[in-house]
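Student: I should like to work through this structure with you, beginning with one pair of strands and moving outward from there.

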Amino acid sequence: MSDIEARFQLDWPGFTLDVDLNLPGLGVTSLFGHSGSGKTSLLRCLAGLEKPRHGRLVFKGRTWQDANTWLPTHQRPIGYVFQEASLFPHLSILGNLQFGQKRSGGAARVGLEQAIELLGIGHLLERKPDTLSGGERQRVGIARALAVGPEILLMDEPLAALDLKRKQEILPYLERLHDELEIPVIYVSHSPDEVARLADHLVAMENGRVVAAGPLGETLARLDLPIRLGEDVGVVLEATVGEIDSEWHLARVDFRGGSLWTRDHGVPTGRHVRVRVLARDVSLALGEPGTCSIQNNLDGRVESLADDDHPGLLLVRVQVGASLLIARLTRRSAAQLGIVPGLPVRVQVKSVALME
Amino acid sequence: MLTDSDLQAIWLTIRLAGITTLILLLIGTPIAWWLARSRAWWKGPVGAIVALPLVLPPSVLGFYLLLAMGPNGPFGQLTQSLGLGTLPFTFWGLVVASVFYSLPFMVQPLQNAFEGIGERPLEVAATLRASPLDTFFSVVLPLAKPGFVTAGILTFAHTVGEFGVVLMIGGNIPGVTRVASVQIYDHVEAMEYGDAHRLAAVMLIFSFAVLLAMYTRRSQPRREA
């Protein structure tokens, strides 16, 4: 039995949501898809902000919705972060934070103090929302949702309305949430980068339907899915920092299947990290490596091939130890190399992104 | 200076406008809320009925109210069976008439204010454990405050400016139904132009002050969060 069982059918003019999902009761699950794919509608159904005609929602053994049951939003133990912070303009920051906390009957599992500390907003409490920057407002919005002591946190593209700088300002806080919260988080996003950094599970949506669902690494490495990541096709590897080469400012990360060298970002040895390897940064070679600027050479075996968005390109999935990498090749080079499933290849990785 | 009967008329006008405004705050708020939120097909007809007093000649409104509140009207029979007698030509008759007459001046600004708040703050409040009633008092009321101020001022001022409906329903009984606008009419009828001037000036200054207060308040920019 899964922790969250969700089945919704929503019929709007020009849009149908039809999902039947089991979501894990812990970790960050990302609902991923383009705008109009139904990810926000699904989130709103979970919150009870939309009332689907047919639906069934069971959260950790408690029924929130079925044919005879409808738990209104204000009675669901949720925290909800909207795309725009949507702070109450008539209340101070503290007033905003206390609004939900006062009404949650002291059941706050993540208390007000902890929420303030987690999001680093202690210095803003007396201010009014309209004196805050966009990034600060969104941090308050997240803290406000946490201060009710939710049993599940629902986040609707909390970074989408912010510019890159503000995003960079908030992402570390979200990563802290990921590490410190013991509740499930459902995170709606259309950004592959955010998904790669934050998600443990991925639910990919298209046209109101779920096209893939599963653990992040596995789901990203699937080639058969129409997850339109475009330039961002790639995999995420769970890894550990194994060695720092201080002379060349490089760090070695070890994953199940090998090691990769990347720029040293000051992450200490032994620390668990995520490494994102984009398909466009992976190339394949046969035989012994010649002289080449690429430092990362791994032994692998071609596992499968698939079409890419462009007719001249091909995606090749390669097994490296216990891990899978995806390489993007032109069809011509694949043909010249004779790439077929089972072929041993040298995998050259030009660059990797390290996410703590 | 103003005569005693002028002062009496002014005091009566203020009482009438004040009571009417209070009653309309209680009646108009739920109507405006419903109009702002409902998607029912009869929202249109209800909105039109609420707006009728804006375009209807006061004498028409007064005529129908007179019939309804009279001894044979449905409302008159109700008040009689309650032992209250009939309402025309009493102060409370004027209050009832004013409530109808000024209804759009309360409902429309409130409806605009409620619509301006939008769906989002209500959804936010729901996700923060606030029931719909709780949300109305803790979120909607504070956010709609400027709308309430406007609606209250307009209703009060509009009731002060009533004339036709008063004549139809209340007649011209000193201390009971003779409000300031009727008093001016009396002065003019009696060729007391000096008295009419003074009272008219008071009304003019009052009306201007009210509108001035409203327009200066409105022109202050508000920043959105």
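**Strand pairing, helix packing and the chain contact**

Tutor: In this predicted model, A:Ile4 stands opposite A:Leu23 in strand 2 of chain A. We may take that pair as the starting point.

Student: How many bridges join strand 1 of chain A to strand 2 of chain A?

Tutor: Strand 1 covers residues 4-12 of chain A and runs antiparallel to strand 2. The pair A:Ile4 and A:Leu23 belongs to this ladder of strands 1 and 2. The number of bridges joining the two strands is nine.

Student: Which strands are the edge strands of the open sheet with the order 2-1-4-5 in chain A?

Tutor: The sheet is open and has four strands, paired in the antiparallel sense, with a twist that averages 20 degrees from one strand to the next. An edge strand pairs on one side only. The edge strands of chain A are therefore strand 2 (15-23) and strand 5 (62-65).

Student: At what angle to strand 1 of chain A does helix 1 of chain A run?

Tutor: Helix 1 of chain A comprises residues 39-47. This helix lies across strand 1, strand 2 and strand 4 (54-59) of chain A. Its angle to strand 1 of chain A is about 120 degrees.

Student: Turning to strand 11 of chain A, which residue is the bridge partner of A:Val235?

Tutor: Strand 11 (residues 234-245) of chain A is joined by seven bridges to strand 14 (residues 272-278), and the two run antiparallel. The partner of A:Val235 lies in strand 14 of chain A. That partner is A:Val277.

Student: Which residue in the turn between strand 11 and strand 12 of chain A has a positive phi?

Tutor: Six bridges join strand 11 to strand 12 (residues 250-255) of chain A in the antiparallel sense, and A:Asp245 stands opposite A:Leu250. The two strands form a hairpin with four residues between them. The residue with a positive phi, about 55 degrees, is A:His249.

Student: Which residue takes a positive phi in the hairpin of strand 12 and strand 13 of chain A?

Tutor: Strand 12 pairs with strand 13 (residues 258-263) of chain A over six antiparallel bridges, and A:Asp254 has A:Ser259 as its bridge partner. Two residues lie between the strands of this hairpin. With a phi near 140 degrees, the residue is A:Gly257.

Student: How many helices are there in chain B?

Tutor: Chain B has zero strands, and its C-alpha trace spans about 65 × 45 × 30 Å along the principal axes. Of its 225 residues, 33% count as buried. The number of helices in chain B is 11.

Student: Why is helix 1 of chain B classed as oblique to helix 5 of chain B, and what is the handedness of their crossing?

Tutor: The axes of helix 1 (residues 4-37) and helix 5 (residues 91-117) of chain B come within 7 Å and cross at roughly 45 degrees. That angle makes helix 1 of chain B oblique to helix 5 of chain B. The residues of their contact divide into 19 nonpolar, six polar and one charged. The crossing is right-handed.

Student: Which helix of chain B gives the largest share of the side that touches chain A?

Tutor: Here 16 residues of chain B are in contact with 20 residues of chain A. Helix 6 (120-127) and helix 7 (132-143) of chain B each supply at least two residues of that side, which by class has nine nonpolar, two polar and five charged residues. The largest share, six residues, comes from helix 6 of chain B.

Notes. Residues numbered from 1 in each chain as written. Chains lettered and ligands numbered in written order. Predicted model: local features only at pLDDT ≥ 70, side-chain atom pairs only at ≥ 80, totals over all residues. Axes fitted to C-alpha atoms, helices over the stretch in contact; angles between N-to-C directions. Parallel < 35°, antiparallel > 145°, perpendicular 65-115°, else oblique. Left-handed = near helix turned anticlockwise from the far one by under 90°. Nonpolar A, V, L, I, M, F, W, Y, C, P; charged D, E, K, R; others polar. Contact = placed C-beta atoms within 7 Å. Buried ≥ 20, exposed ≤ 12 C-beta atoms within 10 Å, placed from the backbone.
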